[in-house]
Amino acid sequence: MNFAIETVNLNVYYGQNHVIKGVDLKIPNRGVFALMGPSGCGKSTMLRTFNRLIELNEGARVDGEVRLFGENIYSGDVDPIEVRKRVGMVFQYPNPFPHLTIYDNVAIGLKLNGLVKSKEELDERVEWALKKAALWDEVKDRLNDYPGNLSGGQRQRLVIARALAMKPEVLLMDEPTANIDPVGTAKIEELLLELKEDYTIVLVTHSPAQAARVADHVAFLYLGELIEVGPARKVFENPEHELTEKYVTGALG
Amino acid sequence: MRKVESFKVATYPAVIIVFLLFAGMLFVYFTNALPALHRYGLDLYLENVWRAAEEPSEEVYGIAAAIWGSIYTSIIAILIALPLSVAYSVFVVDYAPKRLKNAFIILSDIMAGLPTIIYGIWGAFFLVPFLRDWIMKPLYDHLSFIPLFSYPPVGGYSYLSAGVLLAIMVTPFASAIIREAYNMVPFTYREAIYSLGATRYEATKILLGYIKPAIISGTILAFGRAVGETVAVSLVIGNTFNLTTALFAPGYTVSSLIANQFGNAFIYEYMTSTLFAAGLILFVIGLAVNVVGLKMLKRWERDVNI
C-alpha cells in the first residue's frame, strides 16, 4: 500500500527531554488523518517532523525516519526546502502575514519558489486557491486589502489558501480551529471534508469530538507514545486500549 | 479610584515642565534670532556668505552651506547606517551563537553610549587619513569625471568623512531598535514563512517587512542624532563654507558652525543672533523629519493593524 507519510522508530528530543518515543506510524494517502491526544502529548512536535519545521527550534533533535511517499526526508541529501514545497502547513494561530495584502499572502509561496511563469498564471492560481479554501466570494473585491480586517475564521482560510496555492501533496494542520469561533470552526471542518478528496490531511487536534467528526483515521498519542491507531470508527467505537477509551469518552485530559 | 487619580495628578508637573522647557527654549532661540532674521530675511538661510566685520553694516551672513552640510552628511550617514544596522540586527538575532549574542548586544550598547569626542578624535586621527588614502584617492584618480568624486581629496576632511563617522556613531542606535523589533517577531510568522519553502534569505526579507515601522523609527532616530551631532563632526568635516555635492570637499554643518563660531561671536553685532537662527533651523529640520516619519507610521498603522 502507498502511504503518504510513514514514520519509522521516530524519536524527538528537546535537550534532555524525550518528547516522541519511538513512534511507528503509517498515514494513508488521501483523507483526513487525525493525531489526537491531550495537551503536551507531543502531537504538534510530531507534526513538525513531517515537514522538518522542527528544525527551527534550536535544541530539537530528530532520530529515526520520516518517509514522504517512501522517501526518507531526513536522509542527508534531502533539502528541507524541497520537503516544505510538497507539504503545506496551517497553524494553531491564524497567521497570514499582516503586512502583505490578501493577494500577496496567497501568492507568496508561489513567488518564492518560482512555481508560476506569468502574472496571469499567478492570478489564476490565487483565485483557484481562494476558491478551494472557500474564501473567494468573501475577499474577491478586496484582494489588495491587508488581512487585518478579516475574522479569525477568514484568516485561517486565507492561511489554508496560502498553503493550497503551492499544490502540496500533504497538508499539515496544527489545531487549526483552536483559536476560532464556533461558526468559523464549522466552516473549516466542512472545508476539510471537501479537501480530503484530493489531499492527504494530517490534522492535530486535542478534541476527540473534532476527530470523530472529520477524520477517516485517527492516532492517539499520549506522553510521546503512540497508544492506538486505526480507522476512526473503530477507534472510537471499539478502542483496544484502556487509555484510548478513557480519552475518547472524555475521562482523560 | 481616588488613589489612582492623585497619582495621575502627580504626573502633571513633569508634563508641564517638559512642555514649558520646550516652549521656553523655542522662545529664547526665536527672540535671539530676531535681529539677524530681521536684517537678512530668508537670505540668512538661502545664501552662502560669511562676512564677519567689526563694522556692523558690513556684516553679512548666510548659512545655506551649513544647512546643506547637515542634511548631506546625515543622508550619507543614513545610507550607510541603515544596511549596517539591519545586517547587524539580523546577525545578532538569527546567526550569532547563543553564548556570543549578549556580548554583541552589550558591545553595540557601549558604542551607542561612548562620548562623542572619542569618535571625533579617532575620526580625525585614523578615519580621515584612512578614507583619504584608501577610498577617496583611488576614486578621485579613476572616477573624477563623476561630479561626486570630482573634488581633490587633499586633507581628507570632508562630507564623506563626516558621513562615514556619523554612520558609525548612529548605527548602534538604529540597530538597537531594529534588533528589538526583529527579535519580537512572533515565532508563528517565522514558522509560516519557512513552511512555505523559503530560504533563510527570503524568510529574513519577509520578516523585515513585518518590522518596517521599527526600521522607520530607527532611521528617524538615527537621522536626528546625525543632524544634531556636533563635536565629532566638527573635527572631521573641515569647517569650510562650501556648498557642493562633491563628497570629498570640506564643508560645514549647522551644529559644527555654532560650536566653532560661538566663542568669538560676541565680538560682532549680528553673529550671535545668526547662530541662534542657525539653531532654530535645527529645530525645524528635527520637526520635519519627525513629521514625515509619523506620517509613514500612521499610514502603516491604518493599512496593516497588526
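Which residues line the largest cavity? In this predicted model, the lining is made up of Met111(B), Ala112(B), Leu114(B), Thr116(B), Tyr119(B), Leu166(B), Met169(B), Val170(B), Phe173(B), Arg225(B), Ala226(B) and Glu229(B). The structure holds 1 cavity of 30 Å³ or more, and the largest cavity encloses about 80 Å³ of space. Sorted by class, its lining comprises 9 nonpolar, 1 polar and 2 charged residues. At least two lining residues come from each of helix 4 (98–113), helix 5 (116–143), helix 6 and helix 9 of chain B. Of the contributors, helix 6 of chain B provides the largest share, with 4 residues.

It helps to set this cavity within the chain that lines it. Chain B contains 12 helices and 2 strands, arranged along the sequence as α-α-β-β-α-α-α-α-α-α-α-α-α-α. Along the principal axes, the C-alpha atoms of chain B fill a box of roughly 75 × 70 × 35 Å. Of the 306 residues in chain B, 44% are buried. Considering contacts in chain B between residues at least 6 apart in sequence, 72% link residues at least 24 apart. The exposed surface of chain B amounts to about 16000 Å², with 70% of that area supplied by carbon and sulfur atoms.

Attention can now turn to the nonpolar interior. The largest nonpolar core has 105 residues, and those with the most contacts inside it are Phe50(A), Leu130(A), Ile193(B) and Ile211(B). Helix 3 of chain A gives the most to this core, contributing 7 residues. Another core, of 59 residues, lies apart from it and includes Leu160(B), Met169(B), Ala222(B) and Ala249(B). Met169(B) is thus a familiar name, since this residue is also one of those lining the largest cavity. Returning to Ile211(B), its contacts beyond the neighbours within four places in sequence are with Ile178(B), Ala181(B), Tyr182(B) and Val185(B).

Helix 8 of chain B, spanning residues 200–210, offers a closer look at packing. Its buried residues are Glu202(B), Ala203(B), Thr204(B), Ile206(B), Leu207(B), Leu208(B) and Tyr210(B). These buried residues pack against helix 3 (102–113) of chain A. Within chain B, they also pack against helix 3 (64–95), helix 6 (159–183), helix 7 (187–195), helix 9 (212–228) and helix 12 (271–304). Helix 6 and helix 9 of chain B therefore appear in two settings, as partners of helix 8 and as suppliers of the cavity lining.

Definitions and conventions. Residues numbered from 1 in each chain as written. Chains lettered and ligands numbered in written order. Predicted model: local features only at pLDDT ≥ 70, side-chain atom pairs only at ≥ 80, totals over all residues. Heavy atoms only, no water. Buried < 20%, exposed > 50% of the residue type's maximum accessible area, 1.4 Å probe, protein only. Contact = heavy atoms within 4.5 Å. 1 Å grid on protein atoms, 1.4 Å probe; cavity = no way out; pocket = protein on both sides within 12 Å on 5 of 7 lines; lining within 4 Å. Points joined across faces, edges and corners; volume = space filled by probe spheres on them. Nonpolar A, V, L, I, M, F, W, Y, C, P; charged D, E, K, R; others polar. Areas by Shrake-Rupley, 256 points an atom, 1.4 Å probe, with all protein chains shown as cover. Core = buried A, V, L, I, M, F, W, Y, C linked by side-chain atoms within 4.5 Å.
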